[in-house]
Amino acid sequence: MKITRAEVEHVSRLARLALSEAELDSLTDEMDAILDYVEQLKTLDTEGIVPTAHAVPMENAFRPDEIRPGFTPEQALSNAPDRADSAFRVPRIIE
Amino acid sequence: MTIYDLTLAELRARLDNRELSAVEVTNAYLSRIAATNPAVNAFITVCSDTAIAEAQAADQALAIGEVTPLTGLPIAVKDIFNTAGLRTTCASRILGNYISPYDATVISRIKEQKAVIIGKLNMDEFAMGSSNENSAFGAVHNPWNLKHVPGGSSGGSAACVAARQAVAALGTDTGGSIRQPASHCSVVGMKPTYGRVSRYGVVAYASSLDQVGPITRNVRDCALLLQAIAGHDPADSTSVNTPVPDYQAGLTGDLKGLRIGLPQEYFIEGLDNDVRKAVEQATATYRDLGAEVVEVSLPHTAYAVACYYLIATAEASSNLARYDGVRYGLRADNAENLIDMYMQSRAAGFGAEVKRRIMLGTYALSSGYYDAYYLKAQKVRTLIRQDFLDAFEKVDTLLTPVAPTPAFALGEKLNDPLQMYLSDIYTIPANLAGTCAISLPCGFSANNLPIGLQLIGKPFDEMTLLRTAHAFEQATEWHKRKPDF
């Protein structure tokens with residue numbers, strides 16, 4: 001086994017993703033099969049190979065630090081599930 | 001000929017000489033969508049009211065001679081592009097009620113040209129899938145055979161163009177999501193070079209691989225639409241500031257001196273016999289047209305799918321962290337506290353494939369596994385990219401199949417994620433290498449399902465791809481076939 005059910009449960013907490021018992025079972029099997037498949041990468045010697053994060057060679061893209069129009073508070077809040085005045089309201093964080 | 005059978009270039013001519021008005025064209029398409037969409041399910045949102053208003057504005061512009069290449073042409077866009085005032089769902093429950101407050105740059109560009117946005121298209125949720133079955137709005141059906149998938153993730157985009165529900169469409173391609181459905185639906189689809197088209201306002205899946213591109217009925221239309229969307233955008237720092245050539249001017253039909261490479265690693269076991277025959281026939285056509293065809297090697301091809309499913313899922317797990325039920329999107333209302341609200345909202349909002357990829361990506365990035373999975377995959381990506389750069393020292397373009405098989409049946413691969421992933425084996429490498437590629441019709445299987453031909457070009461040389469694809473189209477009739485629908 002490449003991954004255990006307990007590890008899948010741990011990853012679900014890292015991903016902030018609640019999973020049902022049935023999902024934990026099926027994901028353990030599916031992730032195990034996928035991780036077994038990607039194992040083939042280990043057969044390649046990549047000693048000294050520079051990792052590619054970006055396929056097109058680029059320098060940093062700088063721009064002038066200028067004030068430009070952005071969203072109004074109403075626009076920014078237009079899809080808010082819950083709001084209070086000009087703020088997003090969330091469940092209580094501090095008891 | 002009915003209005004909806006005309007190509008983009010043909011409609012342009014009829015709008016310019018006032019034989020047709022933009023409102024007439026838009027109404028013809030809205031009727032066509034109403035008649036065909038219950039069977040195809042390519043649209044998530046049909047923009048009936050706004051489309052007519054946009055068509056009226058286009059007619060006013062045409063009346064005073066303010067004509068751009070796209071004025072008055074009804075274009076549909078994948079529901080991954082932010083469109084101000086319209087719903088943008090990404091085919092997910094989590095964005096089911098999301099109304100974009102702004103336009104993606106590609107949307108602004110086609111709006112500036114007074115194109116008519118006729119609707120938002122179905123897709124695999126968050127562009128994750130190869131069959132368009134992973135949609136909260138139901139699967140898309142292939143217009144060539146309604147029991148088969150249209151491909152994915154831009155399945156709605158390809159099916160809509162094949163079913164004549166829009167004259168052209170925009171899609172996105174992260175691992176083949178434009179080319180594979182284009183192949184399965186017998187339309188033309190291009191993934192431009194990474195950085196050629198702005199990604200600003202496009203809902204992110206895997207940011208180092210995502211690219212926007214056109215899906216059209218022929219290569220000339222592809223060149224026209226690419227022209228409208230290509231170019232540097234200050235709002236996307238990964239878009240590249242390099243000149244955009246006149247693509248239509250490049251469609252000369254002349255292939256003298258062109259060197260085409262056949263990567264031997266692409267013609268292997270698992271390649272369907274009908275697909276192999278069609279691609280071999282296309283190769284012969286290219287020889288007849290005067291191109292020189294040689295064998296080349298892309299030695300790390302076999303590792304591309306594994307490499308992709310680590311890099312793409314890692315980037316996805318990071319990108320999709322933003323769906324937390326705080327600022328927009330679905331929020332679960334039964335949460336006990338803030339963390340529980342995140343966990344329940346995401347559980348209720350995401351579908352099975354999205355959860356699978358978030359989990360895989362989170363695992364690949366997690367402490368203790370980063371080097372073994374994510375960093376290793378990035379190093380293998382370097383090798384895959386180098387394969388292409390080496391091959392392009394010898395040839396101008398590569399010729400390959402798009403998908404190992406014609407469109408599979410709905411449901412066939414739904415319960416086997418790995419088999420589904422392997423259907424992208426020929427398209428993924430171009431995304432990893434960051435280069436451009438196009439899919440165009442090159443035949444049909446024994447049971448009348450479309451087969452596509454892929455041409456992969458040098459970075460930023462979309463022009464050679466279009467010229468090479470156009471010459472094939474001039475010599476063949478495949479692109480003229482339409483589904484009996």
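**Notebook: chains A and B**

I began with a loop of chain B and found Ser153(B) in the stretch between β3 (116-121) and α5 (155-162). The model is a predicted one, and I kept that in view for every entry below.

**Entry 1: the β3 to α5 loop of chain B**

I looked up the peptide bond that leads from Gly152(B) into Ser153(B); the bond is cis, and its omega is near 10°. I then turned to Phe126(B), which is also placed in the loop between β3 and α5 of chain B. Its phi is near 55°, which is a positive value in a residue other than glycine.

**Entry 2: extent of the interface**

I next asked how many residues of each chain are in contact. I recorded 53 residues of chain A against 63 residues of chain B. For the area buried between the two chains I noted about 5100 Å², with 71% of it given by carbon and sulfur atoms. On the chain A side, the residues that lose the most area to chain B are Arg16(A), Leu41(A) and Asn79(A). Together these three account for 13% of what that side buries.

**Entry 3: polar links and the make-up of the chain A side**

I counted 15 residue pairs in polar contact between chain A and chain B, with both residues at pLDDT 80 or more. Two elements of chain A, α1 (5-14) and α2 (21-38), each give two or more residues to the side that touches chain B. Of that side, α2(A) supplies the largest share, 9 residues. By class I entered 33 nonpolar, 9 polar and 11 charged residues for the side of chain A that touches chain B.

**Entry 4: salt bridges**

Over all chains the count comes to 22 salt bridges. I followed one pair that crosses between chains, running from Lys355(B) in helix α11 of chain B to Glu23(A) in helix α2 of chain A. The closest N and O atoms of Lys355(B) and Glu23(A) are 2.8 Å apart. Across the interface of chain A and chain B, I found 2 salt bridges.

**Entry 5: α1(A) against α11(B)**

I then examined how α1(A) lies against α11(B). Their axes come within 9 Å and cross at roughly 95°, so α1(A) is roughly perpendicular to α11(B). From α1(A), the contact is made by Glu7(A), Val8(A), Val11(A), Ser12(A) and Leu14(A). From α11(B), the partners are Met359(B), Thr362(B) and Tyr363(B). I classed the residues of this contact as 5 nonpolar, 2 polar and 1 charged.

**Entry 6: α9(B) against α11(B)**

Within chain B, I looked up what helix α11 (residues 352-365) meets in helix α9 (residues 304-319). The two axes come within 7 Å and cross at roughly 100°, so α9(B) is roughly perpendicular to α11(B). On α9(B) I listed Tyr309(B), Leu310(B), Thr313(B), Ala314(B) and Ser317(B). These meet Arg357(B), Ile358(B), Leu360(B), Gly361(B), Thr362(B), Ala364(B) and Leu365(B) of α11(B). The residues of this contact divide into 7 nonpolar, 4 polar and 1 charged.

**Entry 7: helix α11(B) in review**

I closed by noting the roles of α11(B) in these entries. Helix α11(B) holds Lys355(B), the partner of Glu23(A). Thr362(B) is listed in the contact with α1(A), and Thr362(B) is also listed in the contact with α9(B).

Methods. Residues are numbered from 1 along each chain as its sequence is written. Chains are lettered from A and ligands numbered from 1 in the order in which they are written. This is a predicted model: local features need pLDDT of at least 70, side-chain atom pairs count only at pLDDT 80 or more; totals for chains, interfaces and linings use all residues. Side-chain values use heavy atoms; hydrogens and water are left out. Contact means heavy atoms within 4.5 Å. Buried area is the accessible area (1.4 Å probe) that two parts lose on being put together, summed over both. A salt bridge is a side-chain nitrogen of Lys or Arg within 4 Å of a carboxyl oxygen of Asp or Glu. A polar contact is a pair of N or O atoms within 3.5 Å; within protein, one must be able to donate a hydrogen and the other to accept it, and residues adjacent in sequence count only if both atoms are side-chain atoms. Helices (H or I, at least four residues) and strands (E, at least two) are DSSP runs, numbered from the N terminus. Ala, Val, Leu, Ile, Met, Phe, Trp, Tyr, Cys and Pro count as nonpolar, Asp, Glu, Lys and Arg as charged, and the others, Gly among them, as polar. Axes are lines fitted to C-alpha atoms, for helices over the stretch in contact, and angles run from 0 to 180 degrees between N-to-C directions. Angles under 35 degrees count as roughly parallel, over 145 as roughly antiparallel, 65 to 115 as roughly perpendicular and the rest as oblique.
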